[in-house]
Every structure is written in structure tokens, then in C-alpha cells.
Amino acid sequence: MTLDLRRFYLLEVFSGLALTAAHFFRNMGRHVAFAVGASRTGGAVTIQYPEERRPYSPRLRSLHRLVRREDGSPRCVACMMCETVCPAHCIYIIADEHPNPEIEKVPRRFDIDLGKCVFCGYCVEACPEDAIRMDTGILEFSSYSRGGMIYSKEMLLSLEAAGADGRPRSPIPVPADRKA
Amino acid sequence: MSVVADLGIAFGRVAFVMLFVLNLGGLLTWVERKQSAIMQDRIGANRASIFGFRVLGLFHPLADAIKMLAKEDFRPARADRFLFGFAPFVSVFFALVAFASIPFGDTLRVAGREIPLQAVTLDVGILYLFAMLSLGVYGVMMAGWSSANNFALLGGQRAAALMISAEIAIGASIMGVIMIYGSLNMQDIVRGQGRSFLGGWLPAWGIVTQPLAFVLFLTAGIAATKRIPFDTPEGESEIIGYFVEYSGMKFGMFAMADFLETVVIAGMTTSLFLGGWQVPYLGPEGFHLPWGWAWSLPHLVIVLLQVGAFVVKVCGMIFFMMLIRWTLPRFRYDQAMRLGWLGLFPLSIANIVLTGFLLLLWDAR
């Protein structure tokens, strides 16, 4: 029978304590150095979220927006491609005749139920007119009700693409039923 | 006049211990959060603020208390009405009063009076501590039984089993200390640790004279606090524990009792093994270093140094217990029982026999 020192639990306890204690004192030293200004980073890897943010990836799929024509009307021609491809069935389009005879149709209503959306991005890929994009950089939309998660055509049209740093450039849309 | 002064002094002694234990217990919620955060490369709770001041998250215990008081105080329909409400008070009460017989300083001599720095001077202080520590588990058992919930009952039963196995190991490991210092009085035990070995170089602290008992006592003591790695009564990933039906401040009292017990065990370990209020090489007149250098100090300064040393030691012990709590995983129930009955108990009995044998040799010199 060989003697395995690990069977003697106490030694392993001490090696574990040495590990955690070393972490504690190293991080404590870093925190103190940060507090007195001797170091630019503290002892934690935490990002203080609402105040500090990581830059988002340019490929990030965030809140949808509807791209506008030069006259401000939607580029969308209500072809129903996105509504068809959507695996979550969260897009609802009602088509209308466009006043310009060169353009066939225009959406009278274009609602996205973000409570159902799975952010797969298929709608963006399916769109033949490049009329819907998911590049606003907005992730923080919420509501106290299901109805408040349904974003209408007007809300989606008013959004801008995110800046070069990935920060959203338009304000976060507030659902009509949410107070303040 | 002297009766009033006596009453005032007695009140002051009790108040010091009460406030020390209560504040330290409350502060431990903060220590637990921050220490674990620093150990794990995190920041820890830092959002609670008063007028925009956050002070390293020190307001979180306050915010917790407000939250606990404002929460719904729920009682299950089939719970035992009296015991369900009574249990948390039992838990907290015995954890609070246990510290009373731990001395936090030597005798203070002011204006012709001799004030023992101890809430209660008891000749059997160590037995009192012991009794209070084990009575605390009654609250847990009551909670487990009165909740009318099988998981709570399991938790209470586990707490009782754990307490019995830990308590026996605590008692048996303390026995060696009692044999060495020849007293059941906590103050005498601490005074006995003021002697020294090796020509005055090595203080005769319990950890030096009884190293095995120190390890056994600390292990069993942590088991008595019902905290990780011995939190089988709680076991939140398996049975949630004896307080599963509790909410609001009653739940907070159980959490508080665990922290208070941590303070008590830290105080006990300090008094029995780390020299209590003893400062190394500090005698009743001042510092006396082994090579003959001496520095005499006024009485008040010495007493302050001693009380300070006690507080520092208790805080250091608490730090160490927190370190253990955030390092080790939970023992399985049967592992905890096996450790208690087949590990700690026989070893502490062996320690008593060994100590007796060595004492016999020492006296026969």
C-alpha cells in the first residue's frame, strides 16, 4: 500500500488555502495601488456595467431598424420575405399601394414583437431591398407588459445605425405604455 | 454612589461585549461579500449609497436589514405557531450571550477599583461557553420541526447530528488546554498563556502547547458554526435547509446567528489558543524582551494594548475562517459525520492521553 499524502486531507486544505489567500493578498495589493493612484487597473476584472461598457462587436445583432429612403419613407416594399423567413413569427406586415408607380408597395404597418424575436438576423439576410438592419447597437429595451415589446414602423424608422465605436446613436425607444 | 458606579461598570462591560459581537456580526456580511470578491477577482457589492456615498459598499448591511424588515413575514399554514416564531430568537440569543465569558483584557485598575475586562466573571467560563454554543442548535432544530416541511426537518436533524459530533470533538480537544493551564476559568487560561518557553523566546500560547488540539478545535468549531465546509444543515443545493420556510427578518436572524457564532468561535480560538489578550513579551509593567531590554508603560496603555491585541486576533481569526469558507467545498453529510466521529473524536482523545503523559513527564523532571 502506497502512502498517498492527499488522503491526509489537511495538506490539501492548506494548499487550497494558500491559493485563495495568495489571490486575496495579490488582488488586495492591486486594489490599494489603484486607490492611491500607483496603478491604472484595480484588482478586479469587473466592468461596472451601466457606467462602463465593453465595445460591441461590429457584427452584433441588436435592435432592428427600418432603413429610410431619401424622402424619409421606408425602403421596405412589403414583400413579406422577412415575415416568411422569421422562425419566431414575430414580424407583422400589412402592405399598401405606394403612391409612386415605380415602387410597387409600401408597408402600412410593420410591427416587430421583440418579446418573441430570437435575434437570428434572418430577416436582415432575407431582405432583397436592404430595408431592415440590426445595427443600432441598442440592447437595453424592456417593458412591463407584452404589448410594450411590440415596436411599430414609426419607432423602427426613427432609429439610426450605431456609431463607429459601436455606441448607439439614437435614444433607446420607450414603449408607449411605459411611464417615464 | 458606589452601587451606581458598580452598576455602571457592569453595564459598560456587558455593553462593550454586546456591541463588539453585534457590530462585528453585522459587519461580517460585508466582510463575507468583499473578501470573497477580492479572492475571486471581483469587486463585490458596492451599489448601496447614502447621498451618493458608497464607502466600499459598507451600507449594504444596512440596506439588507431594511429589506429584511420590509419583507413579508410568511408562516406556513401547518407550521407550529409558537415554535416557528420562537426558533430564530433562540438561535440568535445563545449565539449572542456565548461571548460573555470570553475575556477581552486583563484587570483594569482605575481609581482604586479592579475591573475584570470580561462581561461575566465565571469560574467555569469554558463550560458556560460550551453550553451556550450547543444550546444554539435548539433554535435550528425547532425551526426544522415547526416548519411542517420535510426538507426543513431534514436540515434540523442534520444540524443536531452535526452539532453532537462537533461538540464532542470541541470538548475533548479543549480538555488538553484545560489540563495544561489547570483551570476552567477563561481569564486564568489566558493568563497562563502569558508564560513563555525557551528562555522567554516562545510565548506559551495554546497553539504552541497544544498544536493538535488547535487544529481539531478549529475544525470542530467551524462545524459548530454550520457554515461551509460543514453547512450540511443548510445545504442549499440539496435540501435548502432548516430555514427553508422562513422569510424576512426571521430568516435574517438565522443568517445573523451563523455570523455571531463565527465571532464566538473566533473569540474562543483566540482565548484558548492564540493567547487571548496577551501581547508577546508584554508583562503587567511593560515590554520585557528576552535579551533583557525593557520598556515600562503606564497601566492604561498596557490595558489598551491588550484589548487591541484581542480585537486584532479575533479579526484575524475571522479572516482565516472566512478564507476557509470560501476555499473548501461542502462535506457530504456522511463525510462530515465520519470526520467528526472517526477523525476528530479519536484524535482529540489521543491528544488528551498524550497531553497527560507529557505533563506527567514534565512534572517529574
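Is helix α8(B) largely enclosed by the rest of the structure, or largely open, and how many of the 14 residues of α8(B) are buried? The points below take up this question and then turn to the remainder of the model, which is a predicted one.

1. **The answer for helix α8(B).** Eleven of the 14 residues in α8(B) are buried, and the helix is therefore largely enclosed by the rest of the structure. A residue counts as buried here when 20 or more other C-beta atoms lie within 10 Å of its own. The buried positions include A213(B), F214(B), L216(B) and F217(B). Further along the helix, A220(B), G221(B) and I222(B) are also among them.

2. **Extent and surroundings of α8(B).** This helix covers residues 211-224 of chain B. From its first C-alpha to its last it reaches 20 Å, close to the 20 Å expected at 1.5 Å a residue. The cover over its buried residues includes α4 (125-146), α5 and α7 (206-209) of chain B. It also includes α9 (248-273), α10 (299-325) and α11 (333-364) of that chain. Just after α8(B), K226(B) takes a positive phi of about 60 degrees.

3. **The largest nonpolar core.** This core has 89 residues, and F217(B) and A220(B) are among those with the most contacts inside it. The others in that group are A98(B), L260(B), V263(B) and V264(B). Helix α9(B) supplies the largest share of this core, 14 residues. Apart from it lies another core, of 22 residues, among them M81(A), A131(A), I150(A) and L159(A).

4. **Contacts of F217(B).** Leaving aside residues up to four places away in sequence, F217(B) touches I170(B), S173(B) and I174(B). On the same basis, it also touches T269(B), L272(B) and F273(B).

5. **Residue Y181(B).** Y181(B) lies in helix α5 of chain B, which covers residues 150-181. Y181(B) counts as buried because it has 21 C-beta neighbours inside 10 Å. When residues up to four places away in sequence are not counted, Y181(B) touches D188(B), I189(B) and G192(B). M321(B) is 140 residues apart from Y181(B) in sequence, and the two are 26 Å apart in space, C-alpha to C-alpha.

6. **Chain B as a whole.** Chain B contains eleven helices and six strands. Its radius of gyration is 22 Å, close to the 21 Å that the globule rule gives for 365 residues, so chain B is as compact as a globular protein of that length. Along the principal axes, the C-alpha atoms of chain B fill a box of roughly 70 × 55 × 50 Å. Of the 365 residues in the chain, 44% count as buried. Among its contacts between residues at least 6 apart in sequence, 77% join residues at least 24 apart.

7. **A sheet in chain A.** Chain A has an open sheet of three strands in the order β2-β3-β5, with antiparallel pairing. Strands β2 (91-97) and β5 (150-151) stand at the edges with a single partner strand each, so one side of each is left without a neighbour in the sheet. Seven bridges join β2(A) to strand β3 (residues 105-113) of chain A in the antiparallel sense. One bridge pairs E97(A) with K105(A), which belongs to β3(A).

8. **The contact between the chains.** Chain A gives 14 residues to the contact, and chain B gives eleven residues. On the side of chain A that touches chain B, seven residues are nonpolar, seven are polar and none is charged.

Note on methods. Residues are numbered from 1 along each chain as its sequence is written. Chains are lettered from A and ligands numbered from 1 in the order in which they are written. This is a predicted model: local features need pLDDT of at least 70, side-chain atom pairs count only at pLDDT 80 or more; totals for chains, interfaces and linings use all residues. Helices (H or I, at least four residues) and strands (E, at least two) are DSSP runs, numbered from the N terminus. A residue is buried if 20 or more other C-beta atoms lie within 10 Å of its own, exposed if 12 or fewer, and partly exposed in between; C-beta atoms are placed from the backbone. Two residues are in contact if their C-beta atoms, placed from the backbone, lie within 7 Å. The radius of gyration is taken over C-alpha atoms; the globule rule is 2.2 Å times the number of residues to the power 0.38. Two strands pair if DSSP finds at least two bridges between them. The expected span of a helix is 1.5 Å times one less than its number of residues. Ala, Val, Leu, Ile, Met, Phe, Trp, Tyr, Cys and Pro count as nonpolar, Asp, Glu, Lys and Arg as charged, and the others, Gly among them, as polar. A nonpolar core is a set of buried Ala, Val, Leu, Ile, Met, Phe, Trp, Tyr and Cys residues joined through C-beta atoms within 7 Å.
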